[in-house]
Protein chains: 2
Amino acid sequence: MTYDFRMEIYQLRTFVTVAQQGHLTQAAELLHLSQPAVTAQIKALEEEFGMPLFERYPGGVQLTEAGKLLLPEAENILGLSRKLLHKAKSLQGEPRGKVRIGTIGVPARLKIGPWLARLRQRHPLLSIETTHGVSVSILNEVRKKTLDAGFYLGRNPYQNVNTLPLTEIGFCVALPPQLAGELANADWKELGKAPWLGVSQFSSLADITQELCRSRNIAPQKVGEFDEESTLLELIKAGLGVAVLAERTAKRYAADGSIMLWRGGEVAIRAPLQFIYSAEREDDALIGMLKGALRQVWDLP
Amino acid sequence: MTYDFRMEIYQLRTFVTVAQQGHLTQAAELLHLSQPAVTAQIKALEEEFGMPLFERYPGGVQLTEAGKLLLPEAENILGLSRKLLHKAKSLQGEPRGKVRIGTIGVPARLKIGPWLARLRQRHPLLSIETTHGVSVSILNEVRKKTLDAGFYLGRNPYQNVNTLPLTEIGFCVALPPQLAGELANADWKELGKAPWLGVSQFSSLADITQELCRSRNIAPQKVGEFDEESTLLELIKAGLGVAVLAERTAKRYAADGSIMLWRGGEVAIRAPLQFIYSAEREDDALIGMLKGALRQVWDLP
DNA sequence: GGAGGCTAATTGCAAATTCTGATGCGCAAA
DNA sequence: TTTGCGCATCAGAATTTGCAATTAGCCTCC
């Protein structure tokens, strides 16, 4: 009722058209309007602006100085309106919806930033939510479809979950400085006799440690169970025992001497980092987009 | 009827308000509208855009991803609309109208560019027309009010015309190279015996030449009558006779030797360059603006 | 000087739109 | 279960917008 202003786009369109035609009649034709309608619209604008926009001559109209100054702004508004509508149209076919992704470990190692950035750029209407957790819980949520997809560290997790392997992550055996003297180059049998830091069974490190022990035929004594890499790290530094650490973490902390690495950082075992999603959604367009962006970020075929 | 688009500003205003309020009801109150009206406007926009702009929750609405992307553009359009209206308002009180100005001689010497630029900047609704002529005809048109004002070269032109003196222009006696030998340092009596190029009586040069001859008590023989400085110049070069030239023009052409100057370019007479306007309009606001801008450009008090 | 042609303004009425108030529905908190 | 809040829907009212016909002003051409 009592707005800021009453001016509307259709009036500006008429203003611009009349300005470029120089005739109310011709403008009316172009706009599929009658001449009185054009007259009325121009009149309404002139009233709102408090000044005439055109000088009326026999044979047509001509912009006043004020009209010349206001015309570019009107054109600008029209242009932006078209742009807005164009943007809307370009968004029409875009896939939309919320995507829930489960992350694990250090997000940077998942290349989560570049991945989501690319996804967002390609499909601006996708809104993405991430939930951080350990591999096992992420796997369960993907199976239950509480999550659309997630990351998993380890081998073939489950029958009804499909995977896209992204990379392999190497693991080293980290030693406390106090034990480095006797264990730095020990064989597996000797390592097995050292105290090991146990890992919570929900973490992917658990499976990896377990697989390592089985393959090397050792069954070391476990000093508790822990579920975070940073906790593990502190305990190694404190000399409580040896543990398996991701290669990159291990090397970073080994560099300042706070921990030591068995055999100079030899990779003891590898585990695949995988993208996982419900097998039922193999042909889902959304999953396809997620995988597509992942392939680009991880340089996969 | 069948436009490009139907979207209107009032819908965008509602869109933006709803977006920042998060409630159709509150937005309706702010906009002095009923809630169904707001609902309908948002619905119309959503239909035109081909996608929902808000997600409806119990307790309010929230922008969709598409809405988030389109909102800034809508705000932009609203902002520009306000700017347009603001510009119109700022133009409301501005003096407007056509100003007809008579110019003479070389426009650059009148500082016409800087003057009109300044005028235009201060009073954007003034539209200026210039007519070029000789001093006498400009004077007549100013008296007849066919021109609002003009420039005049010479002294107190007429009773019912007021003046604003701008500067003084010096004049030299220009000699053909052929006559330079005998006349270069001649006295006035000798100069008076040489052939002179007459000047059309409508040009300001005529008055000046006449005044010069009277004051020096000479009555030279005239070789025709000419009304353009450039014509005069050619005739001097061709050796037809001597003539009075504006100092600046004279020096420019003397520099390359195509003409010579009496007594090395001594100023023989001076004449004021004046801004003239009808005495009846001394207190006219328009004349005041013209004079104001002139004073600034010419550094007058 | 008058007729005809061109263009904009005006007027009365019809059509379309926008707005409102009442009502219904869904959800959440009491 | 009830109450409260907020959005959707609907029918009718109010406003706006548009059109056809006409008028009025100006110019040109007979």
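Here are some notes on this predicted model, taking the two protein chains, DNA strand C and a few local contacts in turn.

1. Let me start with how the chains relate. Chain B superposes on chain A with an RMSD of 0.3 Å, after a rotation of 180° and 0.2 Å of shift along the axis of that rotation. The two copies are thus related as by a two-fold rotation axis. The contact fits this picture, as both copies use the same surface: 100% of the contact residues of chain B recur in chain A.

2. Next, the extent of the interface. Chain B brings 48 residues to the contact, and chain A brings 48 residues as well. Between them, chain B and chain A bury an area of about 4400 Å². Carbon and sulfur atoms supply 64% of that area.

3. You may also like the polar side of the interface. Eight salt bridges run between chain B and chain A, and the structure holds 30 over all chains. For an example across the interface, take B:Glu55 and A:Lys98, whose closest N and O atoms are 4.0 Å apart. That pair is worth a look on screen, because the salt-bridge rule asks for a nitrogen within 4 Å of a carboxyl oxygen. Polar contacts across the interface of chain B and chain A come to eleven residue pairs, with both residues at pLDDT 80 or more.

4. Which elements of chain B give two or more residues to the side that touches chain A? They are helix H1 (9-21), H3, strand S1 (54-57), helix H4 (65-92) and strand S4 (126-133). The largest share, 20 residues, comes from H4(B). By class, the residues on this side of chain B divide into 27 nonpolar, seven polar and 14 charged.

5. Now to the DNA. DNA strand C has 21 residues around it, and those that come nearest are A:Leu24, A:Thr25, A:Arg56, B:Tyr10 and B:Ser34. Of the atoms of DNA strand C that come within 4 Å of the protein, 71% belong to sugar and phosphate.

6. Three side chains show how phosphate oxygens of DNA strand C are approached. An N or O atom in the side chain of A:Thr25 is 2.5 Å from a phosphate oxygen. For A:Arg56, the distance from a polar side-chain atom to a phosphate oxygen is 2.7 Å. From chain B, the side chain of B:Gln41 has an N or O atom 3.0 Å from a phosphate oxygen.

7. Where does the surface near DNA strand C come from? Two or more residues each are given by helix H2 (24-30), helix H3 (35-49) and strand S2 (60-63) of chain A, and by helix H3 (35-49) of chain B. H3(A) has the largest share, with four residues. The classes represented are nine nonpolar, nine polar and three charged residues.

8. Finally, two local details around helix H11. In chain A, a salt bridge joins the side chains of A:Glu247 and A:Lys251, at 3.1 Å from N to O. These residues are four apart in helix H11 (residues 247-255), so about one helical turn separates them. In chain B, B:Ser258 sits in the loop between helix H11 (247-255) and strand S10 (260-261). The side chain of B:Ser258 is 3.2 Å from the backbone oxygen of B:Tyr253 and makes a polar contact of 2.9 Å with the side chain of B:Asp256. Beyond neighbours within four places in sequence, B:Ser258 is in contact with B:Pro177, B:Lys237 and B:Tyr253.

Key. Residues are numbered from 1 along each chain as its sequence is written. Chains are lettered from A and ligands numbered from 1 in the order in which they are written. This is a predicted model: local features need pLDDT of at least 70, side-chain atom pairs count only at pLDDT 80 or more; totals for chains, interfaces and linings use all residues. Side-chain values use heavy atoms; hydrogens and water are left out. A residue is near a molecule or strand if one of its heavy atoms lies within 4 Å of it. A polar contact is a pair of N or O atoms within 3.5 Å; within protein, one must be able to donate a hydrogen and the other to accept it, and residues adjacent in sequence count only if both atoms are side-chain atoms. Ala, Val, Leu, Ile, Met, Phe, Trp, Tyr, Cys and Pro count as nonpolar, Asp, Glu, Lys and Arg as charged, and the others, Gly among them, as polar. Copies are superposed by least squares on the C-alpha atoms of residues with pLDDT of at least 70 in both. Contact means heavy atoms within 4.5 Å. Buried area is the accessible area (1.4 Å probe) that two parts lose on being put together, summed over both.
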